[in-house]
Amino acid sequence: MFDSLYFQIISCIYIVLLAIVYFSKARINSVENKIYAYLIIVNIIGMAFDLASTYLAIVDISNPYLNIISKFYLVYIIAFMMLFSSYALMLSHKTDDEAENFKYFRRLSRKFFMFFVGISLISLALPLYNHNINGTVYTDGPSATFAYVISGICIFSWIVLIFKNRKKLLNKKAIPLLTIILLGIICIIIQSNMPGILLFTSLFIFATIVMYFTIENPDVKMIEQLEIAKNEADRANNAKTDFLSNMSHEIRTPLNAIIGFSQGLLEEDLSEESKNEVQDIIGASNSLLEIVNGILDISKIEANKLEIVNKEYNFEKIFKELVNLSHGRLGEKPLDFRYQYDHSIPPVLYGDYVRVKQIVLNLLTNAIKYTREGYVSFNVSSVIKDDICRLIISVEDSGIGIKEENIEKLFSKFERFDLEKNITIEGTGLGLAITKKLVELMNGKIVVQSKYGEGSKFTIAIDQRIIPKTLEELGLSENNKEFTDIFVAPNAKILVVDDNAINIKVAQRLLKSFEIIPETVMSGQECINKILDGKKYDLILLDDMMPKMTGTETLKNLKMIMGFETPVVALTANAISGMKEKYLEAGFNDYLSKPIDKNELETILRKFIEAEDIMEQELKDACNNIPQSDNIVSEVNVEELKDHDISILVNAGVDIDHSLELLGDMETINETFAAFLEESETRLPNIKNYKDVVDMPNYAILVHAMKSDSKYLGMMTLADLAYNHEMASKSNDVEYVNDHYDELMCEVNRMLEVIKQYLGR
């Protein structure tokens, strides 16, 4: 009589053992595991209803609880089939993003739960009949038929899903579904002939056991160990990156001094042989600097600190610059340098042109370096679709070529091939590694074709967005700074905000050429006070790096003043790639980098200020009669300085040509030198004080000002040293500041003595 319970008892043992094994083991958090956990729990509950209903039917078929338990068993069947249906749907929609999978599962489970509740209530409401004929126990009636119909619909939906998503589902994941479909048919045939053998619960549990071996559930302990190893590797990699960055920084400082002093030696009266040797020193130093820059780029890429900064650019201008730079690298090599570009490429593109130039220049430099005779070809074509221009850039040469087995290793760091043949060619093997990383960062592709001994061809595809505006509209025209008319605005009201007296003097001098006499203040708070006092200006030139209140903070406060609409231009030495965009995002109307370029300043003035409506000849006459402003006359007698010996500066390494380019004439340079001396009397004690009390923010502000002044005056070595201190203090690197403070002061004092000698003090 109790033979009917055998399958249920054995199945119960299996499902309990499976539950113990599954729930005692650590699991990854995935949708599959979530569904599987529900299946095990539902099976245990269903097994209990199955055992109870079968036992009561055998012992007492008239027991009043039998019908209720049997109906809940049918609800279990519905729940199991719907859980498996949700599993099938998850498999057909599964993605690599587990968060997205959970989002889909939550939406799906809400719908399934509402449907399940409705179906279950119908099943419980329909009549059900239990039979025990000579120990053969079975159930029939509308409730049972309804449950079997729902199960049949579920199975049919699985078959449709498997057929529609056969590429996704015809793998080991589909085995549990196929198990129920195939064995279910067999069970139906057996139970229709032998109703006393109850197989469906055992089939469900068997399918659940099979599913255990198909779900993705790796060893969590191993994953944790791998995670620990990954974190340690990341820490080691970051430590290496920091080390390389610091070493690069340390190497660049003396390199800049070597190059600077060497360039100063070229200005002296040296023999031809000595000049050649100095040129060799400069060449070797530049090669070493390229290596250092390469290492720094790689370390930034590996630390994910390298950003792609997109902006509008003039494609033709970039192409010409690349051609000119390549011509310079040819030297005396007898190579035929061929170049052309597709003239259908739109004039204005949007992308990181700095990195595009770096990529192409790396390829062109390599091609020239490894080609002794023949040609180097540089070609740019395009494929335009909608608002995207795909640049197809190819660099081909007739050089030494690459062996087929080495092509795959070509983009590995520090890889160089055929060293016995190329021992005289300088390089580290970093250029192509950097190139590939940059191409990937820009979502591009790079392809290499090469035949050993005959040459190579590198092809790059990079998508750039098309800007449907003219070069003139975006201010990218190569001639946009060559103004044919004379611009003056004597009635313009401009406020210059800068904490550095020399920077203010330079701004005054440059604005004077446009007949503008600006007001000046030396802090953000003074600027705010001017506006609060009711002062009106046509333009504010606002330095960013100031003590107590930065330019960005000052701008935020200005914008809070009711009725403030004056255009504000960021005036800053922070001229690295991407800074203009950041200042515009911060609310500035435009950006002007230091050292101030007169043409750039004129562009800004023309943008925000209207010129006086005067006839050109009258304007020229008026310009000639403008008296010198008392605001920028130095205490030093300028007339006496005009004939001073400039060789004193040149021999000391001062780049007078650079200073003249920025300041315009010797009169302004002499005034600025005098102001630098006066400023140093208060600046140097303050720098020392801030260092001693470890006030790095204010220390950074003062060395930043020293850097700017030094660049204006052509004292490039001092500018570089001050820049290094500025960067170190901004990152709170007190150790660097202390270790290199004497080096900075030594150069400052050297320059002060040179200036005094030049000024005759």
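In the predicted model, strand β10 is joined to β12 by four bridges, and the two strands run parallel. Within this pairing, V496 of β10 has L541 as its bridge partner in β12. Strand β10, which comprises residues 494-497, is also joined to β11 through three bridges, again in the parallel sense, and here V497 has V521 of β11 as its bridge partner. The side chains of β10 are divided between two directions, with I494 and V496 pointing one way and L495 and V497 the other way, and all of these residues are buried.

These pairings belong to an open sheet of five strands, in which the order is β11-β10-β12-β13-β14 and the pairing is parallel. The edges of the sheet are occupied by β11 (519-521) and β14 (590-593), each of which has a single partner strand, so that one side of each is left without a neighbour in the sheet. When direction is ignored, neighbouring strands of this sheet are turned by 20° against each other on average. Helix α17, formed by residues 524-532, lies across β10, β11 and β12 (539-543), and runs at about 135° to β11.

The loop between α16 (501-512) and β11 contains I517. Is this residue buried or exposed? With a relative accessible area of 56%, I517 is exposed, because this value lies over the 50% cut-off. The C-alpha atoms of I517 and P490 are 7.4 Å apart in space, although the two residues are separated by 27 residues in sequence.

The largest nonpolar core of the model contains 62 residues, among which I494, L605, F673, I687, M715 and L744 touch the most other members. The element that gives the most to this core is helix α28 (residues 734-759), with twelve residues. A second, separate core is made up of 53 residues, including I35, A88, I180 and L203. In soluble globular proteins, nonpolar side chains tend to be buried together. For F673, when neighbours within four places in sequence are left aside, the residues in contact are L649, V654, L713, M715, I755, Y758 and L759. One of these contacts, M715, is itself listed with F673 among the core residues that touch the most other members.

A further set of pairings involves strands β3, β5 and β9. Strand β3 (residues 311-314) pairs with strand β5 (residues 348-351) in the antiparallel sense over four bridges, and within this pair E312 stands opposite Y350 of β5. Strand β5 is in turn joined by two bridges to strand β9 (residues 455-466), with the two strands running antiparallel. In that second pairing, Y350 stands opposite R465 of β9, so that Y350 has a facing residue in both β3 and β9.

The structure holds three cavities of 30 Å³ or more, and about 90 Å³ of space lies in the largest cavity. The lining of the largest cavity consists of Y313, F315, I318, F319, L322, V356, V360, F378, V380, L391 and I393. Two or more residues of this lining are given by each of α11 (315-330), α12 (353-369), β6 (374-385) and β7 (388-397), and the element that gives the most is α11, with four residues.

Strand β6 also holds S377. This serine is buried, because its relative accessible area of 18% falls under the 20% cut-off. With neighbours within four places in sequence left aside, the residues in contact with S377 are R338, S394, V395 and E396.

Taken over the whole protein, 28 helices and 14 strands are present, and 45% of the 761 residues count as buried. Of the contacts with a separation of 6 or more, 72% are accounted for by residues 24 or more positions apart.

Key:
Residues numbered from 1 in each chain as written. Predicted model: local features only at pLDDT ≥ 70, side-chain atom pairs only at ≥ 80, totals over all residues. Heavy atoms only, no water. Core = buried A, V, L, I, M, F, W, Y, C linked by side-chain atoms within 4.5 Å. Buried < 20%, exposed > 50% of the residue type's maximum accessible area, 1.4 Å probe, protein only. Contact = heavy atoms within 4.5 Å. Axes fitted to C-alpha atoms, helices over the stretch in contact; angles between N-to-C directions. 1 Å grid on protein atoms, 1.4 Å probe; cavity = no way out; pocket = protein on both sides within 12 Å on 5 of 7 lines; lining within 4 Å. Points joined across faces, edges and corners; volume = space filled by probe spheres on them.
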